Amino acid sequence: LQQAFSDNAGLQCGYCTPGMLMTAKEYLDANPDGGTDDQIREAISGVICRCTGYQQIVESIRAAASAGKGA
């Protein structure tokens with residue numbers, strides 16, 4: 001999961017990163033196939049990011065799901 005965030009520019013300033021990673025881990029544990037972008041956005045909606053506009057974070061979570069790195 002951390003590598004997927006790094007590879008897909010899901011890490012910016014680092015302020016939200018711990019919360020995003022923990023939230024993404026919980027989401028992927030429950031949805032190993034990744035679900036839809038809207039479902040991912042809903043899952044991470046409680047963590048505020050001011051840098052990325054969330055698109056890179058959604059792509060990072062999707063990449064982690066595709067690679068089976070959520071676990």
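## Exercises on a four-helix model

Read from the N terminus onward, the protein runs α-α-α-α. Keep in mind as you work that this is a predicted model.

**Exercise 1.** Work out how many helices and strands the protein has.

*Solution.* Go along the chain and tally each element: you should arrive at 4 helices and 0 strands.

**Exercise 2.** Decide how helices α2 and α4 are oriented relative to each other.

*Solution.* Start by locating the pair: α2 covers residues 17-30 and α4 covers residues 55-67. Next, take the geometry: the angle between them is about 45 degrees, and their axes lie 11 Å apart. An angle under 35 degrees would count as roughly parallel, and 65 to 115 as roughly perpendicular. So α2 is oblique to α4. Finally, look at the handedness: the crossing of the two helices is right-handed.

**Exercise 3.** Find which residues make the contact between α2 and α4, and sort them by character.

*Solution.* On the α2 side, pick out M20, A24, Y27 and L28. Facing them from α4 are I57, I61, A64 and A65. Now sort them: 8 are nonpolar, with no polar and no charged residues in the contact. Tyr counts as nonpolar here, so Y27 belongs in that group.

**Exercise 4.** Check whether the radius of gyration of the protein agrees with that of a compact globule.

*Solution.* First, get the expected value: for 71 residues, a compact globule would have a radius of gyration near 11 Å. Then compare: the protein has 10 Å, which agrees. To round off the picture, the C-alpha trace spans about 25 × 20 × 15 Å along its principal axes, and buried residues make up 35% of the 71.

Note on methods: Residues numbered from 1 in each chain as written. Predicted model: local features only at pLDDT ≥ 70, side-chain atom pairs only at ≥ 80, totals over all residues. Heavy atoms only, no water. Axes fitted to C-alpha atoms, helices over the stretch in contact; angles between N-to-C directions. Parallel < 35°, antiparallel > 145°, perpendicular 65-115°, else oblique. Left-handed = near helix turned anticlockwise from the far one by under 90°. Contact = heavy atoms within 4.5 Å. Rg over C-alpha atoms; globule rule 2.2 N^0.38 Å. Buried < 20%, exposed > 50% of the residue type's maximum accessible area, 1.4 Å probe, protein only.
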